[in-house]
Each structure stands twice: as C-alpha cells, then as structure tokens.
Amino acid sequence: MKAVIATKNAGNIEGAKRALSHYFEDITIEGVAVESNVPEQPVNDQIYQGANNRLQNVKQYCIENHIEADLYLAVES
C-alpha cells in the first residue's frame, strides 16, 4: 500500500507509518510539501481548514505529477 502525506516532517511521516502499520502490511509513505493556506499558527476552525486544504493540495499535486497512491493524509497542528 502506498500513502502520500502532506508534509516533509520526518516525525509526522514516521508517526503515520507506525499508525498505519497496525492496519496495513508493507506500507510505504511519501511526504510532499504543500501549502495549508492558513496562518502559520492556526487556531480553532483554521486547524481543520488547514488539514483539509493540505489534503486537497496533496491530491492535486499527485494528479499533476502522476503519483499514484492508495491513501492520502494531511496533518495540521
């Protein structure tokens, strides 16, 4: 299974890999840097909006760059 996560942060990528490995065998995760389109320190609804924006942006990035994935992930702090 291949997942693409909307971050280049090694800690977030490793955390996602550890979590997903409980449910899927042989998972690979590729990190992609995309914008969240919210302030650097989001608050309240901006956190959800930032994660949603990252998810949409990473999916669009994959389409434009012909990257196939089984799962798309986004993280916003």
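1. E30 has a relative accessible area of 30% and is therefore partly exposed, since that value lies between the 20% under which a residue is buried and the 50% over which it is exposed. In this predicted model, the side chain of E30 meets that of K2 in a salt bridge, with 3.0 Å from N to O. The pair links distant parts of the chain, K2 being in strand β1 and E30 in strand β2, 28 residues apart. K2, at 26% relative accessibility, likewise counts as partly exposed.

2. The strand that carries E30 has two unlike faces: in β2, I29 and G31 make up a covered face, whereas T28 and E30 make up an uncovered one. That arrangement can be read against a general rule, by which the side chains of a regular strand alternate between the two faces of the sheet.

3. Strand β2 (residues 28–31) pairs with β1 in the parallel sense, over 4 bridges. Within this pairing, T28 is the bridge partner of K2, and I29 is the bridge partner of A3. The connection between the two strands involves helix α1 (residues 10–20), which together with β1 and β2 makes a right-handed β-α-β unit.

4. β1 also pairs with β3, again in the parallel sense, here over 3 bridges. In this second pairing, the bridge partner of I5 is L73 of β3.

5. Which side chains meet in a salt bridge with N to O at 3.3 Å? They are those of R18 and E14, and because these residues are 4 apart in helix α1, they are separated by about one helical turn. The general geometry of an α-helix is relevant here: with 3.6 residues a turn, residues three or four places apart point the same way. R18 is exposed, with a relative accessible area of 57%, while E14, at 38% relative accessibility, counts as partly exposed.

6. A search of the whole structure finds 3 salt bridges, and one of them joins E76 to R54, with the closest N and O atoms 2.6 Å apart. This pair, too, links distant parts of the chain, since E76 is in the segment after β3 and R54 is in helix α2, 22 residues away. Are its two members buried or exposed? E76 is buried, with a relative accessible area of 16%, and R54 is buried as well, with a relative accessible area of 18%; both values are under the 20% cut-off for a buried residue.

7. Helix α2, which contains R54, covers residues 45–64; with 20 residues, the helix reaches 28 Å from its first C-alpha to its last, close to the 28 Å expected at 1.5 Å a residue. Its buried residues are G50, A51, N53, R54, V58 and C62. Seen down the axis of α2, these buried residues fall within an arc of 165 degrees, so they line one face of the helix. On the other side of α2, the exposed residues are D45, Y48, I63 and E64.

8. What do the buried residues of α2 pack against? Their packing partners are β1 (2–5) and β3 (71–73), and these two strands are themselves paired in the parallel sense. Just after α2, H66 takes a positive phi of about 55 degrees.

9. G50, which lies in helix α2, counts as buried at 0% relative accessibility. Leaving aside residues up to four places away in sequence, G50 touches S36, V38 and E76. E76 is thus a residue to look at twice, since E76 touches G50 and also forms the salt bridge with R54. The C-alpha atoms of G50 and E40, which are 10 residues apart along the chain, are separated by 9.7 Å.

Technical notes:
Residues numbered from 1 in each chain as written. Predicted model: local features only at pLDDT ≥ 70, side-chain atom pairs only at ≥ 80, totals over all residues. Heavy atoms only, no water. Expected span 1.5 Å × (residues − 1). Buried < 20%, exposed > 50% of the residue type's maximum accessible area, 1.4 Å probe, protein only. Arc of directions from axis to C-beta. Contact = heavy atoms within 4.5 Å. Pairing = 2+ DSSP bridges. Right-handed = clockwise from strand over helix to strand, strands pointing away. Salt bridge = Lys/Arg side-chain N within 4 Å of Asp/Glu carboxyl O.
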